[in-house]
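Let's take a walk through this structure together. Have the sequence and the 3D view open side by side, and we'll start with a helix contact.

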Amino acid sequence: MSQSNQSEKKKKQRKNNPYTPAVAEGEKKLSRDARRKQLYQKETEVVTTEKPKNRFVRFFEELSLNRFTLKVFLLMATTCGCLALVMFDPVDNGRSILRGIGNMAIPLAVFLCVETYYKTKSRAGYIGRLVFFGILAQLPYFYLSEVECGRIAAMHNKHISPFEELSEEAQFQYIFKWQEAPMLNFLFTLLLILLFVWLMDLVMRNINTDFRSIPNGKKALYSSLLILILIIGVPLCALAQGMKLLESPILALMIAFPSVLFRKQPKLRALSAGIIGLTFCSISGPTYGRVFYAIGGAFPAVLYWLYDGSEGRLLESKPRVKYAFYVAYATIIACTTFAGMILFVSQNT
């Protein structure tokens with residue numbers, strides 16, 4: 001038998017051998033040792049079963065929050081913040097705890113404002129809702145400011161002992177610097193933030209998903225524009241806050257900036273918002289109860305982390321429910337102000 005016939009016979013035997021792995025077209029043939037090793041791994045492969053996870057771990061892995069749930073948290077935080085102003089004196093522990101919970105409202109409101117900007121069908125309609133309900137809530141908010149200033153003035157005039165124990169700097173901080181409520185409610189702050197969100201969105205539209213693929217010249221241009229928006233926004237918000245025109249516009253801008261910049265990176269967005277809220281509230285909060293202020297400013301980052309991007313079944317089935325949140329915001333301010341006025345009159349007559 002010739003050598004050619006023998007080689008053809010061996011090839012046929014290899015094809016018919018079930019232990020010989022099939023070689024796809026264009027794929028490099030394996031050596032004998034590699035084939036043996038591959039066959040040995042298949043025969044000795046052990047199927048490992050994963051251990052069932054703990055209920056506590058599975059609960060947090062499956063836990064997610066939609067936009068409706070975040071709005072409920074926002075209304076609860078707003079209620080606590082208003083109650084702190086009208087029910088307690090500045091040196092009470094109850095006021096510090098409730099104000100700490102109320103500090104959650106600002107980062108949550110800014111986060112929801114950014115999400116609504118990107119997901120709403122009509123941005124003009126969203127701005128119109130903010131203007132309309134901001135005007136509607138302004139009258140009870142004005143009386144809320146009067147109750148707050150009246151409570152502090154009454155406490156100062158009656159020389160309540162805990163207030164006297166504070167230093168002159170702390171007294172000045174409570175009376176003039178921190179406790180005078182701004183002229184306009186927070187919905188007008190969101191209107192200003194929407195302007196900067198729109199400017200940042202114009203820049204971010206020109207940035208591809210992969211920032212590394214952009215030429216260096218465009219990278220420098222877009223980065224400079226974002227920094228310029230921040231440079232213009234911070235002094236403008238500081239002026240509005242210094243004039244007691246708006247409520248916490250600096251913190252709102254600092255939360256909005258990473259919410260737009262890292263919108264496609266939820267974990268990085270939550271981490272940056274937590275650091276900003278913790279730093280800002282721990283520095284700007286009053287000396288008395290600063291820990292509660294800092295915790296309240298940082299806790300919304302946990303809610304950002306759990307946010308799944310959906311609206312929730314109720315908002316999807318009944319879109320007009322979104323108007324109920326604005327009505328609830330004005331109602332909360334009105335009810336807490338009315339309760340505070342009754343309590344203030346009963347305590348000072």
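Start where α4 meets α5. On the α4 side you'll find Ala77, Cys80, Gly81, Leu83, Ala84 and Leu85, and they touch Arg95, Leu98, Arg99, Ile101 and Gly102 of α5. Sort the residues of this contact by type and you get seven nonpolar, two polar and two charged. Keep in mind that you're looking at a predicted model.

How do the two helices sit against each other? Two packed helices are described by the angle between their axes and the distance between the axes. Here α5 covers residues 93-102, and its axis lies 7 Å from that of α4, at an angle of about 145°. The crossing of α4 with α5 is left-handed.

Now stay on α4, which runs over residues 67-87, and look for α6, residues 105-119. The axes of α4 and α6 come within 9 Å and cross at roughly 145°. Which hand does the crossing of α4 and α6 have? That one is left-handed. From α4, the residues making the contact are Arg67, Leu70, Lys71, Phe73, Leu74, Ala77 and Thr78. Facing them from α6 are Ala105, Leu108, Ala109, Phe111, Leu112, Thr116 and Lys119. By type, the contact of α4 with α6 splits into nine nonpolar, two polar and three charged residues. If Ala77 rings a bell, that's fair: Ala77 is listed in the contact with α5 and again in the contact with α6.

While we're on α4, let's check the cysteines. A disulfide is a covalent bond between the sulfur atoms of two cysteines. How many disulfides turn up in a search of the whole structure? Zero. Take Cys82: the nearest cysteine sulfur belongs to Cys80 and is 9.5 Å away, and Cys82 is in no disulfide. Is Cys82 buried or exposed? Its relative accessible area is 7%, so Cys82 counts as buried. Cys237 is buried too, because its relative accessibility is 0%, and the cut-off for buried is under 20%.

Finally, zoom out to the whole protein chain. It contains 17 helices and zero strands. Of its 349 residues, 38% are buried. The area that the chain exposes comes to about 21400 Å², and carbon and sulfur atoms supply 62% of it. As for contacts along the sequence, take those between residues at least 6 apart: 75% of them join residues at least 24 apart.

Key:
Residues are numbered from 1 along each chain as its sequence is written. This is a predicted model: local features need pLDDT of at least 70, side-chain atom pairs count only at pLDDT 80 or more; totals for chains, interfaces and linings use all residues. Side-chain values use heavy atoms; hydrogens and water are left out. Axes are lines fitted to C-alpha atoms, for helices over the stretch in contact, and angles run from 0 to 180 degrees between N-to-C directions. Helices (H or I, at least four residues) and strands (E, at least two) are DSSP runs, numbered from the N terminus. A crossing is left-handed if the near helix is turned anticlockwise from the far one by less than a right angle, and right-handed if clockwise. Contact means heavy atoms within 4.5 Å. Ala, Val, Leu, Ile, Met, Phe, Trp, Tyr, Cys and Pro count as nonpolar, Asp, Glu, Lys and Arg as charged, and the others, Gly among them, as polar. A disulfide is a pair of cysteine sulfur atoms within 2.5 Å. Buried means under 20% relative accessible area, exposed over 50%, partly exposed in between (1.4 Å probe, protein chains only). Accessible areas come from the Shrake-Rupley method with a 1.4 Å probe; for residues, only the protein chains shown count as cover.
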